[in-house]
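Hi,

Here is the structure I promised to pass on. Please open it first, then read my notes below.

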Amino acid sequence: PRNPAGRTGLVGRGLLGRWGPNHAADPIITRWKRDRSGNKIAHPVSGKNILQFVAIKRKDCGEWAIPGGMVDPGEKISATLKREFVEEALNSLQKSSAEKRELEKQLHKLFSQEHLVIYKGYVDDPRNTDNAWMETEAVNYHDETGEIMENLTLEAGDDAGKVKWVDINDKLKLYASHSQFIKLVAEKRDAHWSENPETDCQEL
């Protein structure tokens, strides 16, 4: 197999699990930033509401990222998105069966509602080689009222060292192409991205 984006200078499979495309899923869980009274907070410069997303700090490279991971053989992408989120941002691997069932119940509402496919395809990943590369599907699940995620305590697990809600803006420094995905979410949700109006018109 040949990397569709051209030569990388690396031959073979490298760090990736299989030859050719390696499929991943990136769940982007968002909510509006609110004050103590529950009102949405608008950015003083852009006037747009501030969106937050759940970010994890990766153990392997120390960079902040969207929680996500590889699609298991035969697994549906919707299942991967949910599994990776609960493993990395809610530490489900360390939970009891009863706790897992409760998590499932609460998250079902979030993951079964309408969602936005933000990106699907090849990603520029540091692990890509000439013969093996990453392809991902980044999907945004938005908790409009904030009530679903309010009852869930973020707790880092699996590949994540830390987890937290992060305000979305153009100053974010994230792993691989994750900043581009987050920018697309902000645009689709008409949320704050930049204090400089010119950046709204530039190509990614």
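Start with K82. Setting aside neighbours within four places in sequence, K82 is in contact with E104, L107, H108 and F111. Keep in mind that this is a predicted model. K82 sits in helix α1, which runs over residues 77–89. Is K82 buried or exposed? Its relative accessibility is 18%, and the cut-off for buried is under 20%, so K82 counts as buried. Look at D26 too. K82 and D26 are 56 residues apart along the chain, yet their C-alpha atoms are separated by 9.4 Å.

Next, the largest pocket. It holds about 390 Å³ of space. Several elements give two or more residues to its lining: β1 (20–32), β2 (51–58), β4 (69–70), β6 (132–143) and α4 (178–188). β1 gives the most, with three residues. In total, 27 residues line the pocket. Nearest its centre lie R58, G68, G69, R127 and M134. What kinds of residue make up the lining? Eleven are nonpolar, seven are polar and nine are charged.

Last, the UniProt record. Both annotations come from an unreviewed entry.

- "Domain: Nudix hydrolase" is listed for residues 32–188. In the model, this span is 28% helix and 25% strand. Its end C-alpha atoms lie 14 Å apart.
- "Coiled-coil region" is listed for residues 86–113. Here the chain is 71% helix and 0% strand. The end C-alpha atoms of this stretch are 17 Å apart.

Best wishes

How values were computed: Residues numbered from 1 in each chain as written. Predicted model: local features only at pLDDT ≥ 70, side-chain atom pairs only at ≥ 80, totals over all residues. Heavy atoms only, no water. Helix = DSSP H or I, 4+ residues; strand = E, 2+ residues; numbered from the N terminus. Buried < 20%, exposed > 50% of the residue type's maximum accessible area, 1.4 Å probe, protein only. Contact = heavy atoms within 4.5 Å. UniProt positions renumbered as here; feature names shortened; annotations may be inferred. 1 Å grid on protein atoms, 1.4 Å probe; cavity = no way out; pocket = protein on both sides within 12 Å on 5 of 7 lines; lining within 4 Å. Points joined across faces, edges and corners; volume = space filled by probe spheres on them. Nonpolar A, V, L, I, M, F, W, Y, C, P; charged D, E, K, R; others polar.
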